Amino acid sequence: MALRLKIERTALFLFVGGISYGLLELLWRGRTHWTMLLLGGLCFLLIYLICTRLAIPLWRRWVLCAAAVTGLEFLTGCAVNLLLGWAVWDYSGVPGNLLGQICPVF
């Protein structure tokens, strides 16, 4: 029973995170990509795990969550934009970008 609940909770976090991330992109950019739904779900799940499993000060959890989301976005960007050439996003014209995949503005 405990394994089933863990699977259901994980699926719920992936779904809610994916839909939320996709909706935010639609509101912000007017479009999204299916890979962003996967990324959003993974980010949401990772934030949940960081915030519930680590007994560290709150501000450190926030920093860790921000770093985790930025890292996942960078890795996803490298995979879908640079490796596969899908051109989902490109921040190369924004100051401070890293390989056009992440930047401080976004």
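A residue counts as exposed when its relative accessible area is over 50%, as buried when it is under 20%, and as partly exposed in between. With that in hand, here is what turns up in this predicted model.

Take Ala87 to begin with. At 61% relative accessibility, it is over the 50% cut-off, so Ala87 is exposed. Ala87 sits in the segment after α3 (58-83), and its phi is near 55°, a positive value in a residue that isn't glycine. Leu99 is another case: this residue, also not a glycine, has a positive phi of about 55°. Leu99 lies in the segment after α3 and is exposed because its relative accessible area is 55%.

Now for Thr35, which belongs to helix α2 (residues 34-53). With just 6% relative accessibility, Thr35 falls under the 20% mark and therefore counts as buried. What does Thr35 touch, leaving aside residues up to four places away in sequence? The list is Val80, Trp86 and Val88. Closer along the chain, the Thr35 side chain makes a polar contact with the side chain of His33, at 2.7 Å.

Back on the surface, Leu12, Phe15, Val16, Ile19, Leu23, Leu26 and Phe44 make up a nonpolar patch of about 620 Å². Which helix gives the most to this patch? That would be helix α1 (residues 2-29), with 6 residues. Val16, one of the patch residues, has its place in helix α1. Its relative accessibility is 32%, which lies between the two cut-offs, so Val16 counts as partly exposed.

Methods. Residues numbered from 1 in each chain as written. Predicted model: local features only at pLDDT ≥ 70, side-chain atom pairs only at ≥ 80, totals over all residues. Heavy atoms only, no water. Patch = residues over 30% accessible without salt bridge, like charges linked within 9 Å, V, L, I, M, F, W, Y side chains within 5 Å. Areas by Shrake-Rupley, 256 points an atom, 1.4 Å probe, with all protein chains shown as cover. Salt bridge = Lys/Arg side-chain N within 4 Å of Asp/Glu carboxyl O. Helix = DSSP H or I, 4+ residues; strand = E, 2+ residues; numbered from the N terminus. Buried < 20%, exposed > 50% of the residue type's maximum accessible area, 1.4 Å probe, protein only. Polar contact = N/O pair within 3.5 Å; in protein donor to acceptor, adjacent residues only side chain to side chain. Contact = heavy atoms within 4.5 Å.
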